[in-house]
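Student: I have a structure to read and do not know where to begin. Could we take a few features one at a time?

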Amino acid sequence: MVDVLNYGGDGGDEPLHQHANRLQADCQTAPAAKKWGPSRSLHLVKMFQSNGKKPLPIDFDTKEGTYLPTGENQKYLSRVVGTHVRQFVHPYFDRWANVPEEQKARATSCVYEFFDVNPSRYSKADYKLIVDGIKDTAARRYRQYKADVNAYIRDKGTAVPYRGLTTDVWEKCIERSSSQKFKDISMTNKVNREKINYTSLQGSKTIVAMRFDMRDPQTQEWPSVIETFKVNHQRNGEWVNERAASDYEKMVEEREEQTQQASSSSVAVNENDVVLKVLGERRGHRRAVGRVLRGTSLSHSSTTRLRDQQSTSESIQATNALKSKMETYMQQMNEFITLLTSNLQSVMLGIQLPTPPPPPPLSPTHEEELDSSRDEDYLSDL
């Protein structure tokens with residue numbers, strides 16, 4: 001039977017059936033529109049139970065450095081974290097950093113219960129970043145939770161608490177939403193949203209998860225970052241707007257230009273370099289790739305690496321120019337040395353050096369001194 005809101009019956013003088021808000025089985029009518037609510041991760045629970053209550057397999061992206069979940073079960077991780085955030089974390093803190101550690105731990109502990117996050121499969125550094133990535137996922141779901149609560153207050157008022165909230169928590173949410181600080185933050189966020197040039201069409205799936213699924217089945221090679229941008233900003237072959245189409249053409253042209261410049265060099269063109277140069281940087285996110293973990297060395301190293309890559313084409317061009325100058329200089333030096341050697345040989349052949357005179361004969365005094373020294377040496381030997 002289908003639930004129908006505000007159903008008052010249409011049987012004339014006949015009495016209503018037992019459940020006035022439900023349709024009888026023999027009623028013929030269109031089904032009520034389905035309204036999605038927060039995920040309860042029921043499908044994940046069933047999968048977990050079918051697996052003998054053993055953790056489900058999952059992978060994480062260490063190749064692109066986003067440390068987001070990948071593979072068949074990746075979509076369930078963010079959902080179950082969101083479920084536990086709504087269940088255990090109060091939505092009146094300004095930032096995730098202000099949430100008590102106990103609430104944070106309860107929100108993320110579900111990941112290690114449902115998924116096989118085995119540290120032995122990763123290096124120590126990668127595993128630390130995977131754990132940080134799980135915490136970052138919880139922080140993002142917490143922001144969405146607060147946005148839903150604030151939207152509820154804006155649209156439906158404060159008379160009835162948001163689903164699942166106790167009276168004291170609800171009062172603190174109302175207090176936060178009416179503060180001047182919250183209004184200023186909301187205005188800033190509104191201005192920032194207006195600066196967005198275009199939206200991506202990949203839906204709830206992360207870019208990394210989508211690219212992971214798009215890998216070549218034979219070589220397991222990941223798809224082009226630039227071509228992934230095209231897939232995410234086209235619907236039925238049509239671009240979401242002209243700006244997205246223009247940015248794609250600029251990236252294709254820049255990639256071709258860098259490929260030509262690098263043809264004589266062993267340095268391969270990195271598409272992240274191309275994307276960075278055309279689209280620029282965004283805090284906490286690598287465009288066309290995915291998130292960058294904030295507060296970790298990865299965010300700084302990635303930014304530094306991408307900035308270094310941005311000058312790759314200029315470095316290659318400067319290296320080639322210097323190499324050409326050195327070759328020209330060496331050729332000129334060889335020609336000069338050849339000419340100088342030839343001139344010296346010609347000069348030397350035309351010079352007749354005089355025969356040196358014989359040494360002068362020794363005087364008698366010198367001969368006596370020499371004989372005396374010989375006698376002294378002979379006696380000393382005896």
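Student: Is Cys-110 buried or exposed?

Tutor: This is a predicted model, and the answer is computed from its atoms. A residue counts as buried when its relative accessible area is under 20%. Cys-110 has a value of 1%, so it is buried. Cys-173 is buried as well, with a relative accessible area of 3%.

Student: How many disulfides does a search of the whole structure find?

Tutor: Zero. The test is whether two cysteine sulfur atoms lie within 2.5 Å of each other.

Student: How many salt bridges are there?

Tutor: Look for a side-chain nitrogen of Lys or Arg within 4 Å of a carboxyl oxygen of Asp or Glu. By that rule the count is 14. One of them pairs Arg-176 with Asp-94, at 3.0 Å from N to O. This pair links distant parts of the chain, 82 residues apart: Arg-176 is in helix H5 (residues 167–177), and Asp-94 is in the loop between helix H2 (74–88) and helix H3 (101–114).

Student: Which of the burial classes do Arg-176 and Asp-94 fall into?

Tutor: Arg-176 has a relative accessible area of 12%, so it is buried. Asp-94, at 30%, is partly exposed.

Student: What about the salt bridge between Arg-154 and Asp-155?

Tutor: Its closest N and O atoms are 3.2 Å apart. Both Arg-154 and Asp-155 are exposed.

Student: Which residue forms a salt bridge with Lys-277?

Tutor: Glu-254 does, with the closest N and O atoms 3.3 Å apart. Here too the pair links distant parts of the chain, with Glu-254 in helix H9 (residues 242–261) and Lys-277 in helix H10, 23 residues apart. Glu-254 is buried, with a relative accessible area of 10%, while Lys-277 is partly exposed at 36%. Salt bridges can also share partners, and in this way Lys-63, Glu-64 and Arg-211 are joined into one network.

Student: Why is helix H10 described as largely enclosed by the rest of the structure?

Tutor: Count its buried residues. H10 covers residues 271–279, and seven of the nine are buried, so the rest of the structure largely encloses it. Among the buried ones are Glu-271, Asn-272, Asp-273 and Leu-279.

Student: What is found at the start of H10, and what follows it?

Tutor: At the start, a side-chain oxygen of Asn-270 comes to within 2.8 Å of the backbone nitrogen of Asn-272. After H10 comes Gly-280, which has a positive phi, near 80°.

Notes:
Residues numbered from 1 in each chain as written. Predicted model: local features only at pLDDT ≥ 70, side-chain atom pairs only at ≥ 80, totals over all residues. Heavy atoms only, no water. Buried < 20%, exposed > 50% of the residue type's maximum accessible area, 1.4 Å probe, protein only. Helix = DSSP H or I, 4+ residues; strand = E, 2+ residues; numbered from the N terminus. Polar contact = N/O pair within 3.5 Å; in protein donor to acceptor, adjacent residues only side chain to side chain.
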